[in-house]
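Q: I would like to learn how to read domains, their interface and cysteines in a model. Can you take me through one case?

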Amino acid sequence: MKNVIAIFDVGKTNKKLFLFDENYKIVFERSARFIETTDEDGFPCENLDSLKLSVFDSLREVFRIKDFNITAINFTSYGASFVYLNERLQACAPLYSYLKPYSESLQKQFYETYGGEEEFTFRTASPVLGSLNSGMQLYRIKYEKPELFKQIKYALHLPQYLSFLISGKVYSDITSIGCHTNLWDFQENRYHDWVQQEGIYEKLAPIHSCTEVVPASFPGNDYPVGIGLHDSSAALIPYLMNFHEPFVLISTGTWCISLNPFNHSPLTREELKNDCLCFMSYEGARVKASRLFAGNEHEQQIKRISEHFNQSAAQYRQMDYNPAINISLQNKNGSLDQVIEETKIQNICLFTARDLSSFKNDEEAYHQLMLDIVAQQYLSTQLVLKGTNVKRLFVDGGFSNNAIYMNLLAQAFPGIEVFAASMAQATAVGAALCIHDAWNTKSLPRDIIELKYFSS
């Protein structure tokens with residue numbers, strides 16, 4: 001039997017289970033998508049019951065595979081999402097969406113009480129993002145649903161809830177707490193005062209390092225269970241372990257997050273206004289980051305293109321880069337530099353306002369979409385690049401396989417080496433590496449990231 005680790009990688013869209021061998025090669029994978037449900041206000045949210053059942057069913061499936069000996073389990077998922085447990089440690093509320101609109105009056109009340117938006121966001125390295133500041137979800141429950149607030153024994157971020165399902169233990173983790181939650185005071189390196197004053201602290205589980213493991217309570221072999229970590233922090237781990245010269249990683253998915261672990265300057269007020277923030281690395285160090293909702297924008301716009309041109313949306317994920325189309329579009333609709341400047345002024349993806357009938361075909365329209373998205377990406381990444389001597393830019397996730405995106409990104413950053421990082425599932429690999437010593441008998445690998453260079 002081959003020793004493997006099971007990693008659950010739960011994204012907003014795709015929920016995946018991977019088995020990695022001791023060389024960090026994928027030997028099994030399973031993917032699922034769930035139909036969303038709605039919360040009590042009718043707003044779409046994650047189907048928590050389906051997610052829970054999927055975790056158990058997937059584990060039962062892989063435990064039955066005689067070729068594999070599962071030696072550990074760990075979890076990584078998107079942030080800004082709490083699961084609320086009652087005294088019986090059962091979920092007592094929906095897994096509210098981080099996209100749910102936030103009450104303007106309640107938000108105003110919060111920031112006026114705790115020093116004003118500018119000072120508060122500076123201390124917590126969290127732009128004003130409403131429900132995307134997960135701590136604000138607890139604040140809303142306290143004032144809008146006081147009976148539910150009383151029921152809550154623990155509020156677990158999603159990665160730690162997934163771990164709880166298998167271990168039965170409740171923990172908090174710094175990578176989840178430190179990602180734009182409004183909970184952490186980066187100046188004092190502790191929870192912000194409001195967490196204690198509003199009675200939130202007592203509902204948060206004890207903080208443990210994401211490198212720790214606990215015993216499993218799920219039936220099966222005797223294996224350790226990680227406490228889980230935030231997906232963006234997990235995606236950074238393989239790079240921190242393999243590269244020591246300054247770099248920026250663009251982790252692409254629903255969100256495209258530019259992470260610069262070599263930018264140690266404090267966040268400025270201007271950066272905060274432009275959706276720049278700090279994450280925590282798995283070692284508890286600050287990582288300056290900027291966020292772009294580009295993966296979501298891409299999904300919406302390819303639906304629009306495919307419907308207009310009566311084509312399958314699936315084909316765009318593997319479409320080849322056509323330099324002639326790129327040159328033609330930049331001559332007609334503005335150079336990449338001009339599109340970047342126009343994007344900066346309007347602060348939107350310009351493609352949303354483009355007339356699809358102005359394009360000859362869907363291939364031309366898709367090239368323009370990617371040009372407009374890369375213009376946004378340039379501005380977002382530039383926020384964490386400036387003031388550092390970064391010479392390498394790595395892209396992982398969905399867009400790393402998009403030849404049009406990668407070629408245009410290399411054009412946008414002519415002074416930096418741009419690489420598509422060909423590593424199977426960096427986020428999942430990071431979650432496995434995080435607890436390497438607990439399950440792997442071999443030394444840390446140094447060859448798990450394959451790089452493909454793109455020239456400007």
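The turns below go through the domains, their interface and the cysteines of this predicted model.

Q: Where do domain 1 and domain 2 lie in the protein chain?
A: Start with the bounds. Domain 1 covers 2–227 and domain 2 covers 231–422. Their centres, taken over C-alpha atoms, are 27 Å apart. Domain 1 brings 27 residues to the contact, and domain 2 brings 20 residues.

Q: What area is buried between domain 1 and domain 2?
A: Look at the total, then at its makeup. About 1,900 Å² is buried between the two domains, and carbon and sulfur atoms give 62% of that area. On the domain 1 side, F122, P127 and F186 supply 25% of the area buried against domain 2, more than any other three residues.

Q: How many salt bridges are there between domain 1 and domain 2?
A: Two. Now the wider polar count. Eight residue pairs, both at pLDDT 80 or more, are in polar contact across the interface.

Q: Which element gives the largest share of the side of domain 1 that touches domain 2?
A: Begin with the contributors. β6 (68–77), α3 (117–124) and α7 (174–177) each supply at least two residues of that side. The largest share, four residues, comes from α3.

Q: How many disulfides does the structure hold?
A: Zero. Check sulfur distances against the 2.5 Å cut-off. For C179, the closest cysteine sulfur is in C278, 12 Å away, so the two are too far apart for a bond. The sulfur of C276 is 7.4 Å from its closest cysteine sulfur, also in C278, and that is too far for a bond.

Q: Are C179 and C276 buried or exposed?
A: C179 is buried, at 1% relative accessible area. C276 is buried too, at 0%.

Definitions and conventions
Residues are numbered from 1 along each chain as its sequence is written. This is a predicted model: local features need pLDDT of at least 70, side-chain atom pairs count only at pLDDT 80 or more; totals for chains, interfaces and linings use all residues. Side-chain values use heavy atoms; hydrogens and water are left out. Buried means under 20% relative accessible area, exposed over 50%, partly exposed in between (1.4 Å probe, protein chains only). Domain bounds come from an automatic or database domain assignment. Contact means heavy atoms within 4.5 Å. Buried area is the accessible area (1.4 Å probe) that two parts lose on being put together, summed over both. A salt bridge is a side-chain nitrogen of Lys or Arg within 4 Å of a carboxyl oxygen of Asp or Glu. A polar contact is a pair of N or O atoms within 3.5 Å; within protein, one must be able to donate a hydrogen and the other to accept it, and residues adjacent in sequence count only if both atoms are side-chain atoms.
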